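Here are my notes for someone opening this one for the first time. Have the structure up on screen while you read, and click along as you go.

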Amino acid sequence: MSKNMAFFVLSVDVEFAWGFIEEIMTNKVKLIYPYLYLLPKSRESIRYLLQLLDKHEIPATWAITGSLLIDLYQSRVVTYLSKLYPNLGVLNPTRYERLKLLWYAPDVVNQIMGSRILHEIASHSFTHPDFWKIPSKIAEIEVRESKKILREVCGVEPLTFIFPKNHVNYLGILSKYGFQVFRSKAKDSKAHSMIKVLQYFKPTNVVATPKVEKGLWRIPCSLLFQPASKIHLYRLYRDVVYNINYIARKGGVFHIILHDYSLVSYETKKFFSKIIDIVARLCMKEKLLCVTMRDLVNFMKNTCASDN
């Protein structure tokens with residue numbers, strides 16, 4: 001990849017209530033209280049984002065949790081989940097039907113695939129377990145079944161895998177099932193607490209550095225854009241603008257993560273819309289390319305081949 005090339009990558013984790021299945025099934029719902037009011041509005045958030053990306057012709061990588069495409073109590077998933085979570089009774093058929101829109105969302109995936117822009121459909125596992133906590137046998141089921149459901153329902157062969165919680169593990173299984181790309185945490189995710197405090201006072205360089213690991217392309221995220229206080233949102237916005245302008249001058253990759261509920265509030269919509277406006281202007285000036293994770297890797301492969 002040319003040192004002067006600048007790439008903007010956006011990946012969106014589409015998981016709805018599956019994103020919190022561990023907390024729900026282990027009676028730790030208190031840990032997710034801040035998100036409970038956001039989840040019912042996830043469809044609104046995704047619709048807004050799709051319209052914004054369509055307007056500016058910016059593609060994204062949409063990581064789909066496979067079980068969103070399956071009616072839970074009309075499939076074999078219940079038997080599988082009961083082995084993972086002995087407390088599955090908390091999501092009994094009556095409660096599931098009442099909350100079904102939080103667990104079942106083929107309509108959302110249809111909207112993404114029907115967009116004017118050609119987005120990438122990626123795998124976000126089958127039922128969103130923590131890959132740091134499951135044995136390899138379960139990990140293989142999660143990878144295999146996620147790819148199968150995306151092939152059968154969406155007609156796509158996903159090449160990108162997004163680990164739940166960004167907890168990278170079992171890369172050999174990804175290779176076995178034909179995946180070529182995965183996402184990892186930001187490089188400063190383990191930074192010292194004092195460093196994180198200082199980051200509030202000045203912009204942080206979080207340019208991503210893709211690399212090959214065990215035959216797969218690792219694309220780190222740069223920043224997670226989440227609902228937060230106005231002060232924290234402003235800090236996120238400041239860091240994004242700083243890094244986008246940095247790569248426009250110096251080259252590199254800047255990779256933002258969103259969740260399906262990220263753009264529910266007015267404040268997050270406002271700040272993220274400003275970010276996309278800046279990205280679109282730089283693209284028009286040919287100072288920035290907006291690509292999916294899959295297309296970024298294809299570009300790097302082609303560049304490496306031409307250099308050789």
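What follows is a set of numbered points on a few helices, a strand and some single residues.

1. Before anything else, keep in mind that this is a predicted model. Everything below is read from that prediction.

2. Start with helix α3, residues 42-56, and look at how it sits against helix α11, residues 266-284. Their axes are 10 Å apart and make an angle of about 20 degrees. An angle under 35 degrees counts as roughly parallel, and α3 and α11 are therefore described that way. The crossing of α3 past α11 is right-handed.

3. Which residues of α3 and α11 meet? On the α3 side they are E44, Y48, L49, L52, L53 and H56. Facing them from α11 are K269, F272, S273, I276, D277 and A280. Sorted by class, the residues of this contact between α3 and α11 come out as seven nonpolar, two polar and three charged.

4. Stay with α3, since it also packs on helix α6, residues 106-113. Here the axes come within 11 Å and cross at roughly 5 degrees, so α3 is roughly parallel to α6. From α3 the contact uses R43, I46, R47 and L50, and from α6 it uses D107, V108, Q111 and I112. By class, the contact of α3 with α6 holds four nonpolar, one polar and three charged residues.

5. One more residue in α3 deserves a click: S45. Is S45 buried or exposed? Its relative accessibility is 2%, so S45 counts as buried. If you skip the neighbours within four places in sequence, S45 is in contact with D260, Y261, S262, L263 and V264.

6. Now find strand β9, residues 252-259. Eight of its eight residues are buried, so β9 is largely enclosed by the rest of the structure. You can see this for both faces: G252, F254, I256 and L258 point one way, V253, H255, I257 and H259 point the other way, and all are buried.

7. What does β9 pair with? One partner is strand β1, residues 6-14, which runs parallel to β9 over eight bridges. Within that pairing, V9 has H255 as its bridge partner in β9. Strand β8, residues 223-224, also pairs with β9 in the parallel sense, over two bridges. There, L223 stands opposite I256 of β9.

8. Over in helix α7, residues 136-154, have a look at E145. It is a charged residue by class, and at 9% relative accessibility E145 counts as buried. Apart from neighbours within four places in sequence, E145 is in contact with R76 and F126.

9. Last, two backbone oddities. Most residues other than glycine have a negative phi. N166 is not a glycine, yet its phi is positive, at about 60 degrees. You'll find N166 in the loop between β4 (160-161) and α8 (171-176). N166 is buried, with a relative accessible area of 11%.

10. K214 is the other one to check: its phi is near 55 degrees, a positive value in a residue other than glycine. K214 lies in the loop between β6 (211-213) and β7 (216-220). Unlike the buried N166, K214 is exposed, with a relative accessible area of 68%.

Definitions and conventions. Residues numbered from 1 in each chain as written. Predicted model: local features only at pLDDT ≥ 70, side-chain atom pairs only at ≥ 80, totals over all residues. Heavy atoms only, no water. Axes fitted to C-alpha atoms, helices over the stretch in contact; angles between N-to-C directions. Helix = DSSP H or I, 4+ residues; strand = E, 2+ residues; numbered from the N terminus. Parallel < 35°, antiparallel > 145°, perpendicular 65-115°, else oblique. Left-handed = near helix turned anticlockwise from the far one by under 90°. Contact = heavy atoms within 4.5 Å. Buried < 20%, exposed > 50% of the residue type's maximum accessible area, 1.4 Å probe, protein only. Pairing = 2+ DSSP bridges.
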